[in-house]
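Here are a few short exercises to work through with the model open beside you. Try each task before reading its solution.

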Amino acid sequence: RSDAEHMSSSSLPFVRVASLAELQTQLSMSTRPVMLDFYADWCISCKEMEKLTLKHTAIRQRLADVTWLQVDVTANTLADKALLKHFNLFGPPAILFFNAQGQEIKTVRVIGYQNVEQFQRSIANALAN
């Protein structure tokens with residue numbers, strides 16, 4: 001991973017999780033809603049989502065009280081595959097939302113790229129639960 005790429009994603013407040021156990025620990029520790037982002041270096045839509053949508057000021061403000069978690073499935077390890085399978089996902093990009101109790105809000109799943117407007121609607125739906 002190049003420094004430029006690393007810097008671009010590190011400017012977003014993501015905490016990386018590498019396994020289902022780590023995810024469950026983070027979910028149980030969080031007292032706030034959680035946004036879980038499935039990302040991979042080879043995923044063009046993931047990079048667009050980060051650069052064009054997640055970095056947008058309005059989105060950052062809207063998600064200020066949300067814990068940002070990210071799974072990097074670039075290497076497609078067994079743990080990566082287990083996480084994807086657990087959520088019935090074929091791969092990135094995917095963003096899932098969880099309530100403050102750590103339960104997935106299944107009515108709101110963002111699969112693929114969404115622009116700022118679309119993503120604001122997704123966030124509103126997720127946080128309304």
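**Exercise 1.** Find what joins the side chains of Glu104 and Arg109, and work out how buried or exposed each residue is.

*Solution.* Step one: the two side chains meet in a salt bridge, 2.6 Å from N to O. A salt bridge here is a side-chain nitrogen of Lys or Arg within 4 Å of a carboxyl oxygen of Asp or Glu. Step two: Glu104 counts as buried because its relative accessibility is 16%, and Arg109, at 30%, counts as partly exposed. Buried means under 20% relative accessible area, exposed over 50%, and partly exposed in between (1.4 Å probe, protein chains only).

A note on the source: this is a predicted model, in which local features need pLDDT of at least 70 and side-chain atom pairs count only at pLDDT 80 or more, while totals for chains, interfaces and linings use all residues. Residues are numbered from 1 along each chain as its sequence is written, and side-chain values use heavy atoms, leaving out hydrogens and water.

**Exercise 2.** How many salt bridges does a search of the whole structure find, and which residue does Asp72 pair with?

*Solution.* Step one: the search finds two. Step two: Asp72 pairs with Arg16, with 3.2 Å between the closest N and O atoms. Step three: this pair links distant parts of the chain, 56 residues apart, with Asp72 in strand β3 (residues 67–72) and Arg16 in strand β1 (residues 15–16). Strands are DSSP runs of E, at least two residues, numbered from the N terminus. Step four: Asp72 is partly exposed at 22%, and so is Arg16 at 36%.

Note on methods: Helices (H or I, at least four residues) and strands (E, at least two) are DSSP runs, numbered from the N terminus.
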